[in-house]
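Colleague: I'm new to this structure and would love a friendly tour of its pockets. Could you bring it up on the screen?

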Amino acid sequence: MIKIENVTKKYGAYTAVDDVSFVAQPGRVTGFLGPNGAGKSTTMRMMVGLTLPDRGTATIGGLRYADIPNPGRHVGVLLDASAQHAGRTGREVLVLGAQLMGLPITRVDEMLELVGLNGSEGKRRVRNYSLGMRQRLGIAHALLGDPSVLILDEPANGLDPAGIRWMRGLLAHFAGKGGTVLLSSHLLHEVEMIADDMILIGRGKIVAQGTKEELLRGKGSFVKGLDPAALTAALQRAGIAATPYEDGLRAEAETVDIGRAAAAAGVVLTELRGADGAGLEDLFLQLTADDQRDVLTEGAKA
Amino acid sequence: MTATTTAPTGQLSFAENPRVSLSTLVKVELRKMVDTRAGFWLLGITAALVVIANIVALIIFAAQDVTDAQYGTFITITSYVSSIFLPILGIMLITQEWGQRTGMVTFTLEPHRDRVILSKALAGLVLSLGCIVLGLVVGLIMNLLYGALQGPIGWDIGIEYIGGFVLSQAIAMLAGFALAALFLNTAAAIVIYFVYTLVLPGIFELLANLMSGFAHVRPWIDFQSAQSPLGDASMSGSDWGHLLVSGLIWLVLPLVIGLTRIMRAEVK
C-alpha cells in the first residue's frame, strides 16, 4: 500500500505539489491522471526519496522509502525509461540491478522474456532502443526484484496499442495477486483501460479521486434526434435538463426516461446511450481545464 | 509476451529483508566502471600506457647507457602516467550517474546516498590499488630486464617510498572524485582538475617570487607541491602538515560541499 499524506513541494514561489493526500490500495491498479506539469512525476519522485517534500509524508507498506532495506525487493520503480546509460546493453542494465538486489542472474533472462525483449534485443545497447523498448526494459527492471508494489511514471508512453494491451494484462495480473500498482498518465483513455481506481491531479492539487465506476457514473446520457428542436422541447416538457453536446444533447437523466419522453412526444431518436467514457473525458477536461496549456476551442475535444 | 510469469516467489516482509551490503555496492560500482565503452577504455588505456611508458623508458635507459636507473625509477614513471588517468577515473565514477541520469535508478535501489558515494570512493580506491599493483609488477619486470641488458640492478626502495606511491595515487583519484562531487559534470571537473594541478602551481610560484609574504603561505595551500615529497619519500613533519592543510582545502572541502549537495539535491 502506498500512502501519501499532505505532501507539499514548492520550487521558489511555484507550488508543484499542493497538500496532496491519497492511498493506492493493494490488489488494485491506481491510475494517477493529470495534464503535463500537474505534479505527477514530482509526487512519484517524493514517494521514493529522489525529491524531498517540504511538508507531508509518503510511506510504502507503512515505511518511509529510505527505511525499507533493499527497497528494490519490495518496490518496483520506473520513473523515466530514458534515464539509463545509453552505452549499456539492456541485459547489462538488468544484470546491474540483479547484482545489487542480490538476485540470481537467471532472473534477468526471465524478465527480458517477460517483457518481450528477445535475446538479440537484450544484447543491444540502450542507445539503439526505441522508446517502446526502453519502456519494456524499464518495466522489466521494475519487476526484477519481485516487488509487491509498482510505481510507474507514464509507462504506456511509447508503447503501441498492442503493447498497452499487454501492459494492461501484466498489471491486472500483478494486482490480481495482491500487488499495489500506481501508474501515471496524461492520457485519459490509457488510465481508463488499465486502472481500477483513479486520482485526478491538476496544478499540484488532487481534483477528484475514486473508483473508475464512481467517476464514470452519474454523468447523464447522450441523445440525438432527427429533429433537434422537437427533442429539446420534449425533454423540457419532461423536466429533463439538456445541453448541446457535439451533434446531439447531453441530458441529465437515465436513458429510459429520455426514451419515454421522446416516445411520448413522438420524436424520432437516432442515438441514445449512457454518457460513459465521454463523461469521464469531460470530467477530466473540465477538472483540468484551467491547467491546460492549450486553449480549448469549442468542438475541439481532446 | 505473456503476463503469467510474474508470480511472486515468497514475497519478503518489508522490514526483515537485510539491506544491501557495502561490498555488494562496491562490486556493482566496479562493474559499472567496466561495462561501458568509456570506462572500459579509460581503464584499458591507463594500463596500456603504464606498460608502454615503462617499456619506452627501459629502451631509452638501455640505449643511452643509463647506469643509475633502478626499481624506484620505473615506479616513478608509472606514477606520472597514472596520476593523469586516476583523477579522470574518480571523476567518471561520480559524473556517470548525472551525465547519463542513471542516478535515478542508483539512488532508488539504494536511497542512502552517502552509502552510494562511499561505495564509489571505495571502488575508485580498489581500481587505484590495481593500478599500483600493475606499476609494481611492471616495474619489477622492467628492472629485471634492465639488469639483464645493463646491470647492475638497484632494488633500493623503502616502505616509505611504496607508501608515498600508494598515497599519491589515492590522492590523485580522490582529488578528481571530490571535484566531480562538487560540479557533477565531467567536463567541468576535468578542466578544473587540470587547471589546479598544472596552472595553479605556476601562479603560486610567480606570486611567491613577487610577494615574500606569500612564500610563507604557499606551502600550506599548494596541494601539488605538498605532494612532491611523497614521490621521493622525503616527507618530514612539516611536509605532513602542509599535505594535511592543503589537502583539507583541495580535497576535503570540495568533497564536503559536494556531498552536502548530493545528499539533498533532487535527482532527475
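Colleague: What volume does the second largest pocket have?

Modeller: Happy to help, and keep in mind that this is a predicted model. The volume computed for the second largest pocket is about 500 Å³.

Colleague: Which residues are the closest to the centre of the second largest pocket?

Modeller: The lining of this pocket has 26 residues. Those closest to its centre are Ser41(A), Arg45(A), Leu79(A), Asp153(A) and Glu154(A).

Colleague: Where does the largest share of the lining of the second largest pocket come from?

Modeller: In chain A, strand 2 (14-24), helix 1 (40-47) and helix 5 (131-143) each supply at least two lining residues. The largest share is 4 residues, and it comes from helix 1 of chain A.

Colleague: How many charged residues are in the lining of the second largest pocket?

Modeller: Let's go by class. The lining has 10 nonpolar and 9 polar residues. The charged residues in it number 7.

Colleague: Now for the largest pocket: which helix of chain B gives the most to its lining?

Modeller: The largest pocket has a volume of about 590 Å³ and is lined by 24 residues, with Ser79(B), Tyr80(B), Ser83(B), Gln224(B) and Gln227(B) nearest its centre. Helix 3 (71-99), helix 6 (159-183), helix 7 (186-210) and helix 9 (223-231) of chain B each supply at least two of the lining residues. With 8 residues, the one that gives the most is helix 6.

Colleague: And how many charged residues does the lining of the largest pocket have?

Modeller: Its lining holds 13 nonpolar and 11 polar residues. As for charged residues, there are none.

Definitions and conventions. Residues are numbered from 1 along each chain as its sequence is written. Chains are lettered from A and ligands numbered from 1 in the order in which they are written. This is a predicted model: local features need pLDDT of at least 70, side-chain atom pairs count only at pLDDT 80 or more; totals for chains, interfaces and linings use all residues. Side-chain values use heavy atoms; hydrogens and water are left out. On a 1 Å grid over the protein atoms alone, a cavity is a set of points where a 1.4 Å probe fits but cannot get out, and a pocket is an open set with protein on both sides within 12 Å along at least five of seven lines; lining residues have an atom within 4 Å of a point. Grid points are joined across faces, edges and corners, and a volume is the space filled by probe spheres set on the points. Ala, Val, Leu, Ile, Met, Phe, Trp, Tyr, Cys and Pro count as nonpolar, Asp, Glu, Lys and Arg as charged, and the others, Gly among them, as polar.
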